[in-house]
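Work through the exercises below with the sequence and the coordinates open. Try each task before reading its solution.

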Amino acid sequence: MARPLIVTADRCVACRACELACAVAHSQSRNLIDSVLAEEKLGARLHVATRKGKTAPIVCVHCKKAACMSVCPVDAFERESPEAPVLPIPEKCIGCGKCVEACPFGAITMNGDGSGILKCDVCVQRLAEGADAPACVSACPTKALSFGGIGGKSAAATADDSAA
Ligand code: SF4
Ligand code: SF4
């Protein structure tokens, strides 16, 4: 199964457009100007980091055996199948940070005030509304991020489902 988000690290130029696009896509208004004017606290579900001399986005890979789901004491994650994305349930989260520690990729972070987490949801709402890719993928100017599809389906099949 292709990972939902595929990183080609050699193409990343560290512009961080992916972070901004993710944060805006998950804001109340989903509009940069409006969210800034509303003084909304924006948070990206992926982050650009330098590891071993290479800068690239760190993204959730939606592991089949997801450590975050296993350690969460309040079942604040859900997924439809082992192939489906691991989706956070913010209303349930108590901000204990166990999933942040457990993620082997460092792909989950605490939010600004420590009350919850920031974790990739593959922009499932955006895809359901007809977008052909998550916001970070669409924003990346160098195609360092690409979309592999979700739920065991190819990106093309996912887009067809969204359009139906
Ligand atoms: S921070 Fe939230 S989602 Fe993560 S393990 Fe704790 S309760 Fe679960
Ligand atoms: S938008 Fe693309 S090139 Fe820019 S930091 Fe993100 S992955 Fe790298």
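The exercises concern a predicted model, and they go from the overall fold to single residues.

**Exercise 1. Overall dimensions**

Task: State how many helices and strands the protein has, and decide how compact it is for its length.

Solution. Step 1: the secondary structure amounts to seven helices and eight strands. Step 2: the radius of gyration is 15 Å, close to the 15 Å from the globule rule for 164 residues, so the protein is as compact as a globular protein of that length. Step 3: the C-alpha trace spans about 40 × 40 × 35 Å along its principal axes. Step 4: 30% of the 164 residues are buried. Step 5: take the contacts between residues at least 6 apart in sequence; 60% of them join residues at least 24 apart.

**Exercise 2. The largest nonpolar core**

Task: Find which residues of the largest nonpolar core touch the most other members, and which element gives the largest share.

Solution. Step 1: the core has 37 residues, and Cys22, Cys68 and Cys136 touch the most other members. Step 2: the elements giving two or more residues to this core are α1, β7 (117-118), α6 and β8. Step 3: the largest share, six residues, is that of α1. Step 4: within helix α1 (residues 17-25), the buried residues are Cys18, Ala21, Cys22, Ala23, Val24 and Ala25. Step 5: their cover includes α2 (32-37), β2, β3, α5 (124-128), α6 (135-139) and β8 (145-147). Step 6: for cysteine 68, leave aside neighbours within four places in sequence; the contacts are then Phe77, Val86, Cys99, Ala102, Cys103 and Ile108. As background, nonpolar side chains in soluble globular proteins tend to be buried together.

**Exercise 3. The two ligand shells**

Task: List the residues around ligand 1, name the closest ones around ligand 2, and sort both shells by class.

Solution. Step 1: ligand 1 is surrounded by Val71, Cys72, Val74, Ala76, Cys93, Ile94, Gly95, Cys96, Gly97, Lys98, Cys99 and Ile117. Step 2: this shell divides into nine nonpolar, two polar and one charged. Glycine counts as polar and lysine as charged, and the shell contains Gly95, Gly97 and Lys98. Step 3: around ligand 2 there are 14 residues, the closest being Cys12, Cys15, Cys18, Cys140 and Ala144. Step 4: the shell of ligand 2 has twelve nonpolar residues, one polar and one charged. Step 5: one link to the other exercises is Cys99, which is in the shell of ligand 1 and in contact with cysteine 68.

**Exercise 4. A hairpin**

Task: Describe how β2 pairs with β3, and decide whether β2 is buried or in the open.

Solution. Step 1: strand β2 (residues 47-51) and strand β3 (residues 54-58) run antiparallel and are joined by five bridges. Step 2: one pairing to check is alanine 49, whose bridge partner in β3 is alanine 56. Step 3: the two strands form a hairpin with two residues between them, and lysine 52 in the turn has a positive phi of about 50 degrees. Step 4: of the five residues of β2, the number buried is zero, so β2 lies largely in the open.

**Exercise 5. Positive phi in two loops**

Task: For glutamate 39 and cysteine 123, give the phi angle and decide whether each is buried or exposed.

Solution. Step 1: most residues other than glycine have a negative phi. Step 2: glutamate 39 has a positive phi of about 55 degrees, and cysteine 123 one of about 50 degrees. Step 3: glutamate 39 is in the loop between α2 and β2, while cysteine 123 is in the loop between β7 and α5. Step 4: apply the cut-offs, 20 or more other C-beta atoms within 10 Å for buried and 12 or fewer for exposed. Glutamate 39 has 6, so it is exposed; cysteine 123 has 26, so it is buried.

**Exercise 6. A residue of β8**

Task: Classify serine 146 by its neighbour count and find its contacts.

Solution. Step 1: serine 146 is in strand β8. Step 2: serine 146 has 16 other C-beta atoms within 10 Å, so it is partly exposed. Step 3: leaving aside neighbours within four places in sequence, the contacts of serine 146 are Ile6 and Val137. Step 4: the C-alpha atoms of serine 146 and leucine 5 are separated by 5.8 Å, although the two residues are 141 apart along the chain.

Conventions. Residues are numbered from 1 along each chain as its sequence is written. Chains are lettered from A and ligands numbered from 1 in the order in which they are written. This is a predicted model: local features need pLDDT of at least 70, side-chain atom pairs count only at pLDDT 80 or more; totals for chains, interfaces and linings use all residues. A residue is near a molecule or strand if its C-beta atom, placed from the backbone, lies within 6 Å of it. Helices (H or I, at least four residues) and strands (E, at least two) are DSSP runs, numbered from the N terminus. Two strands pair if DSSP finds at least two bridges between them. Two residues are in contact if their C-beta atoms, placed from the backbone, lie within 7 Å. The radius of gyration is taken over C-alpha atoms; the globule rule is 2.2 Å times the number of residues to the power 0.38. A nonpolar core is a set of buried Ala, Val, Leu, Ile, Met, Phe, Trp, Tyr and Cys residues joined through C-beta atoms within 7 Å.
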